[in-house]
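Here is a short set of exercises to work through with the model open beside you. Try each task before you read its solution.

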Amino acid sequence: AAKAAAVRLTHDQPLRVFGDGLWAPGPVAPLYAVPTTAGTGSEATRVAVITDAAKKEKMAIRGIHLAPRLAVLDPEVLSSLPSRIAAETGADALTHAVEAFLSRAASPFTDALALAAIEGITANLRAFVARPAHAQAALAMLVGSHLAGQAFSNASVGLAHSFGEPLGAYCHVSHGLACALFLPHVLDFCRPAAVDRLAALARALGVETRGLTGEDAGLQAVQAVKRLWADVGLPLGYQAAGIDFHLHPQMIADVGPQYSTRMSPRIPNDDEARALYLAPANLPGA
């Protein structure tokens, strides 16, 4: 919201113009960011995501000038965060890091950021959700979210975002929850195209992979994410999340054109996209 306001304070065009692809030129009003969740990493990125309710779209406003001049990571700001929000935003942060690591645009620089974020978030999310006032866990989560923001700003995100953003726009689901619902299914879908990466991801998630084949390690990465979600109270399926899910044809059409889809190690066709949308629906009682 602050980024969008900074753009409008200095430019006459409506935000829709930038949401349609025009990069926001500089200068914009000075931005100083104090994140109030450990999730989006927005204080480290050059993008603002604003929901266009009329078009059922989460539009991205981009531009190098949207990077804040200063970011302050203060764990005291998170001390009164509801545990549910702590869990959902933490899932967003982990998804950023995981998808940056799996991205076709990953580099040694983004790998270092992403892996540090994955390890830090995995080690601290449970304690943070249990007690958001836990200063050490809160700071570790803020740092992990920030590192993940830097990682995906340079390597992109992936399919969990490609599916999560339409789900959020059509079903009014929080972004973090949408990412959490799709991440295990997306990892399983991408396993055949990223065996070595999934094995490395498993290790970053705390899985002991000695003696495992790459394929088995990848399966353990998927299971590790599911265990983490269960431990922090995140649902695995639509039913458990209280979502009355209906698949709109446009939701499938929205997946292919996204840059995040093109950066995935495996790109779904329409039938595969349909199956991924329905995967959380096929978990009754989850």
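**Exercise 1. Find out whether V72 is buried, partly exposed or exposed, and which nonpolar surface patch holds this residue.**

Solution. Start with the cut-offs: buried means under 20% relative accessible area, exposed means over 50%, and partly exposed lies in between (1.4 Å probe, protein chains only). V72 has 37% relative accessibility, so this residue counts as partly exposed. Next, place V72 in the chain: the residue sits in the loop between β4 (70-71) and α3 (83-102). Helices (H or I, at least four residues) and strands (E, at least two) are DSSP runs, numbered from the N terminus. Finally, look at the patch: Y32, V34, L70 and V72 make a nonpolar surface patch of about 380 Å². Patch members have over 30% relative accessible area and no salt bridge; like charges are joined within 9 Å, and nonpolar side chains (Val, Leu, Ile, Met, Phe, Trp, Tyr) within 5 Å. The areas come from the Shrake-Rupley method with a 1.4 Å probe, and for residues only the protein chains shown count as cover.

A note before you go on: this is a predicted model, where local features need pLDDT of at least 70 and side-chain atom pairs count only at pLDDT 80 or more, while totals for chains, interfaces and linings use all residues. Residues are numbered from 1 along each chain as its sequence is written, and side-chain values use heavy atoms, with hydrogens and water left out.

**Exercise 2. Check the length of helix α7 against its expected span, and find where α7 bends.**

Solution. The expected span is 1.5 Å times one less than the number of residues. Helix α7 covers residues 175-190, which is 16 residues, so the span should be 22 Å; the end C-alpha atoms are 21 Å apart, which agrees. Now follow the axis: α7 bends by about 35° at L183, and the proline P184 follows within four residues. The bend at a residue is the angle between axes fitted to the seven residues ending there and the seven starting there. As a last step, consider the surroundings: 14 of the 16 residues of α7 are buried, so the helix is largely enclosed by the rest of the structure.

**Exercise 3. Work out how many disulfides the structure holds, and how far the sulfur of C179 is from the nearest cysteine sulfur.**

Solution. Take a disulfide as a pair of cysteine sulfur atoms within 2.5 Å. A search of the whole structure finds zero disulfides. For C179, the nearest cysteine sulfur is that of C190, 14 Å away. Seen from C190, the closest cysteine sulfur is in C179, too far for a bond. Then check the accessibility: C179 is buried at 0%, and C190 is buried with a relative accessible area of 2%.

**Exercise 4. Count the salt bridges, and say which parts of the chain are linked by D52 with R16 and by D231 with R126.**

Solution. Side chains of opposite charge can pair when their charged atoms come close. The rule used here asks for a side-chain nitrogen of Lys or Arg within 4 Å of a carboxyl oxygen of Asp or Glu. By this rule, the count is nine salt bridges.

- D52 and R16 meet at 2.5 Å, N to O. D52 is in strand β2 (residues 47-52) and R16 in helix α2 (residues 15-19), 36 residues apart, so the pair links distant parts of the chain. Both residues are buried.
- D231 and R126 meet at 2.8 Å, N to O. D231 lies in helix α9 (residues 214-231) and R126 in helix α4, so the pair ties together parts that are 105 residues apart in sequence. D231 is exposed at 52%, whereas R126 is partly exposed at 36%.
- E272 and R266 meet at 3.3 Å, N to O. Salt bridges that share partners also join R16, D20, D52 and E57 into one network.

**Exercise 5. Find the backbone features at P27, K56 and S156.**

Solution. First, the peptide bond from G26 to P27 is cis, with omega near 0°; P27 lies in the loop between α2 and β1 (32-33). Second, K56 has a positive phi of about 50° although this residue is not a glycine. K56 sits in the loop between β2 and β3 (57-62) and is partly exposed at 36%. Third, S156 has a positive phi of about 80°, again without being a glycine. S156 is in the loop between α5 (135-155) and α6 (159-171) and counts as buried at 8%.
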